[in-house]
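The report that follows describes a single protein chain and is meant to be read beside its sequence and coordinates. It moves from the chain as a whole to particular elements and residues.

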Amino acid sequence: MFPRPACPAEVRRAAASGRSRSRPRGGGGGTVLLPSMLMFGVILASSGLLLMIEKGILAEVKPPPLHPAAGEPARRGGGEEAAGDLEYEVLRDIRNRTIGAVCGQRAMPRSVWELPAGQRRTVLRHLLVSDKYRFLYCYVPKVACSNWKRILKVLDGALESVDVKMKMDHKSDLVFLGDMKPDEISYRLKHYYKFIFVRNPMERLLSAYRNKFGEIKEYQQKYGVEIVRRYRKNGGNSAGDDVTFSEFLRYLLDEEVERMNEHWMPIYNLCQPCAVRYDFIGSYERLHTDANYVLERIQSPSFIRFPERQPWYKPVTAETLHYYLCNTQRRLIKELLPKYILDFSLFAYPLPNITSEFCRQ
């Protein structure tokens, strides 16, 4: 029922057959999506993961954290689900096995120092440090990272309360691991508690699309104008505020992963879960339950709680995602999957259902 590790020969064959599908920008010097191609090998060699996805076994089950293990502290404030629920145990086991299979391959990095310089800069730039509470948090845009940054500022004393009404400054009063010396980085990676939060990849992309191109003028001007000009006939007069979801996906398809904006760069590339051994992987779908667990685990003051969602925030619902996916060319979605396949597979998210039967519902 659970995936078995792929043998190296299977992985190499899958990687070789998949290279022609990667679409680097411009001529000859593009980045090959090696991690994604390796993941194809792991999936193909797995005895159960794809079968479970295809049969919809995972479709209605929300992903659990990688931990906690039995005996660790209980979450503050209770929780919506019991820690031992079978569905979470199953998904936790799938996630553990898949991460172990992928990260156990010889081609995968064992530490941040084995990463190419650009990838190392990316992950170190996304690891936030709390020396007082001895933890590292890899922030992922569009996965409640603003609220986690708010919590870090409160823990550090730079902010009075998580409820303070202010525009989030994503740089000041935060400590980034990338700003430290190599020996300081290595010490913290070895000894500090490390966690990330993940989200369904397609839902995260849709959230980024609606937020950045529907509300943020800076993104409309920086990215939207270029996207419309590139993919729409006579699109030169656009202000970048009318980018369609299909145009956005076409842009992602042609963009090199390492050059992507952090709001739509795959979580794997942002946080490198093979090079960094995370102690906890929380999910957006269980945000408050998993966040409370982390706050308990790092022994934060009891008055600190994870902020509630702002009333102006418009969440991506299942119905919204259904609408956008079913009104987008299937070819676009299928061709885009290799760039995000590690996010789907490592974190046990079902592949998007774009069958005719599903879309008729």
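## Terms and overall picture

A residue is called buried when its relative accessible area is under 20%, exposed when that value is over 50%, and partly exposed in between. The model discussed here is a predicted one, and the values quoted below should be read with that in mind.

The protein chain has 15 helices and four strands. Of its 361 residues, 53% count as buried, and the accessible surface of the chain comes to about 17,200 Å², with 50% of that area belonging to carbon and sulfur atoms. Among the contacts in the chain with a separation of 6 or more, 74% are accounted for by residues that lie 24 or more positions apart.

## Helix 6 and its surroundings

Helix 6 covers residues 145–155, and because ten of its eleven residues are buried, this helix is largely enclosed by the rest of the structure. The buried residues include the charged side-chain types Lys149, Arg150 and Lys153, and also Trp148, Ile151, Leu152, Val154 and Leu155. Cys145 and Asn147 complete the buried list.

The cover over these buried residues includes strand 1 (127–130), strand 2 (135–138) and strand 3 (193–198), together with helix 12 (287–297). Helix 6 is followed by Gly157, a residue whose phi is positive, near 85 degrees.

## Strands 1, 2 and 3

Strand 1 and strand 2 run antiparallel and are joined by four bridges, with Ser130 standing opposite Phe135 of strand 2. Strand 2 also pairs with strand 3, in this case in the parallel sense and again over four bridges; here the bridge partner of Tyr137 is Phe195 in strand 3.

In a regular strand the side chains alternate between the two faces of the sheet. Strand 2 is covered on both faces, since Phe135 and Tyr137 on one side, and Leu136 and Cys138 on the other, are all buried.

## Two positive phi values outside glycine

Most residues other than glycine have a negative phi. Arg134, which is not a glycine, nevertheless has a positive phi of about 55 degrees. This residue belongs to the hairpin of strand 1 and strand 2, in which four residues lie between the strands, and with a relative accessibility of 38% Arg134 counts as partly exposed.

Gln272 likewise has a positive phi, near 45 degrees, in a residue other than glycine. Its place is in the loop between helix 11 (267–271) and strand 4 (280–283). Gln272 has a relative accessible area of 1% and is therefore buried.

## Salt bridges

Counting a side-chain nitrogen of Lys or Arg within 4 Å of a carboxyl oxygen of Asp or Glu as a salt bridge, the total for this model comes to eleven. One of them joins Arg97 to Asp93, with the closest N and O atoms 2.8 Å apart. These two residues are four positions apart in helix 4 (residues 86–103), so they are separated by about one helical turn. Arg97, with a relative accessible area of 39%, is partly exposed, and Asp93, at 25% relative accessibility, also counts as partly exposed.

A similar arrangement of positions is found in helix 14 (residues 330–346), where Glu335 and Arg331 lie four residues apart, about one turn of the helix. The closest N and O atoms of the salt bridge between Glu335 and Arg331 are 3.5 Å apart. Glu335 is partly exposed, with a relative accessible area of 34%, and Arg331 is partly exposed as well, with a value of 42%.

The salt bridge between Glu256 and Arg259 has its closest N and O atoms 3.3 Å apart. Which of the terms buried, exposed and partly exposed applies to Arg259? Arg259 has a relative accessibility of 56%, and because the cut-off for exposed is over 50%, this residue counts as exposed. Glu256, by contrast, is at 9% relative accessibility and counts as buried, so that this salt bridge links a buried residue with an exposed one. Elsewhere, Glu226, Arg229 and Arg230 are linked in a network of salt bridges.

Note on methods. Residues are numbered from 1 along each chain as its sequence is written. This is a predicted model: local features need pLDDT of at least 70, side-chain atom pairs count only at pLDDT 80 or more; totals for chains, interfaces and linings use all residues. Side-chain values use heavy atoms; hydrogens and water are left out. Buried means under 20% relative accessible area, exposed over 50%, partly exposed in between (1.4 Å probe, protein chains only). Contact means heavy atoms within 4.5 Å. Accessible areas come from the Shrake-Rupley method with a 1.4 Å probe; for residues, only the protein chains shown count as cover. Two strands pair if DSSP finds at least two bridges between them.
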